[in-house]
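Here is a short report on one predicted model. Read it with the structure open.

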Amino acid sequence: MIPKIKMVEPMPDYKLKVLFDDGKTVIYNVKEDIETIESYKDLVAVHGLFQQVQLDESRTCVYWNDQIDLPSDTIYEYGI
């Protein structure tokens with residue numbers, strides 16, 4: 001089952017605080033993705049974009065624009 005996100009909050013240094021429906025809370029470091037995924041570089045290059053993170057309607061993905069998104073199962077598995 002794909003984990004559903006209850007809340008996402010941008011934090012300093014390109015980290016996300018994410019609360020899931022099952023009560024698990026993780027900190028996900030987006031900086032590693034920024035270094036390896038070309039489209040994620042806009043999160044640094046475009047001033048204020050990282051702070052505009054949104055949760056999609058299905059609550060299984062966070063996104064910033066049409067090209068930058070992050071699935072909830074990745075956040076759940078690799079968040080600390």
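The side chain of S72 comes within 2.6 Å of the backbone oxygen of P3. This is a predicted model. S72 belongs to helix α3, which covers residues 72–78. The residue counts as buried because its relative accessibility is 0%, and buried means under 20%. Beyond its neighbours within four places in sequence, S72 is in contact with I2, P3, I5, F20, R59, T60 and C61. P3 therefore appears both as a contact of S72 and, through its backbone oxygen, as the partner at 2.6 Å.

**Hairpins at the start of the chain**

Strands β1 and β2 run antiparallel and share six bridges. Across this pairing, E9 stands opposite K17 in β2. Three residues lie between the two strands of the hairpin, and D13 takes a positive phi near 65°.

Strand β2 (residues 15–20) also pairs with β3, again antiparallel, through five bridges. Here V18 faces V26 in β3. This hairpin has four residues between its strands, and G23 has a positive phi near 95°.

Strand β3 spans residues 25–29, and its side chains alternate. V26 and Y28 point to one face and are buried. T25, I27 and N29 point to the other face and are not buried.

The antiparallel strand pairs compare as follows.

| Strand pair | Sense | Bridges | Opposite residues |
|---|---|---|---|
| β1 and β2 | antiparallel | six | E9 and K17 |
| β2 and β3 | antiparallel | five | V18 and V26 |
| β4 and β5 | antiparallel | two | Q54 and Y63 |

**The three-stranded sheet**

Which order do the strands of the open sheet follow? The order is β4-β5-β6, and the pairing is antiparallel. Its edge strands are β4 (54–55) and β6 (69–71), each pairing on one side only. Strand β5 covers residues 61–63 and joins β4 over two bridges.

Q54 sits in strand β4. Its bridge partner in β5 is Y63. Is Q54 buried, partly exposed or exposed? Q54 is partly exposed, because its relative accessible area is 38%, between the limits of 20% and 50%. Not counting residues up to four places away in sequence, Q54 touches C61, V62 and Y63. P12 is 42 residues from Q54 along the chain, and their C-alpha atoms are separated by 16 Å.

**The nonpolar core**

The largest nonpolar core has 19 residues. Those touching the most other members are L16, V30, L43, V62, W64 and I75. β1 (5–11), β2 and β3 are the elements that give two or more residues to this core. β2 gives the most, with three residues.

W64 has contacts spread along the chain. Leaving out residues up to four places away in sequence, W64 touches L16, V30, L43, L49, F50, Q52, V53 and L70. L16, V30 and L43 are among the residues named with W64 for touching the most other core members.

**A buried acid**

D33 lies in helix α1, residues 31–36. What is the nearest side chain of opposite charge to D33? K41 is that side chain, and it is 11 Å away. D33 is buried yet has no salt bridge, because such a bridge needs a nitrogen within 4 Å of a carboxyl oxygen. Apart from neighbours within four places in sequence, D33 is in contact with Y28, Y40 and L70. Y28 is also one of the buried side chains of β3, and L70 is also touched by W64.

Definitions and conventions: Residues numbered from 1 in each chain as written. Predicted model: local features only at pLDDT ≥ 70, side-chain atom pairs only at ≥ 80, totals over all residues. Heavy atoms only, no water. Buried < 20%, exposed > 50% of the residue type's maximum accessible area, 1.4 Å probe, protein only. Polar contact = N/O pair within 3.5 Å; in protein donor to acceptor, adjacent residues only side chain to side chain. Contact = heavy atoms within 4.5 Å. Pairing = 2+ DSSP bridges. Core = buried A, V, L, I, M, F, W, Y, C linked by side-chain atoms within 4.5 Å. Lys, Arg positive; Asp, Glu negative; His and termini not counted.
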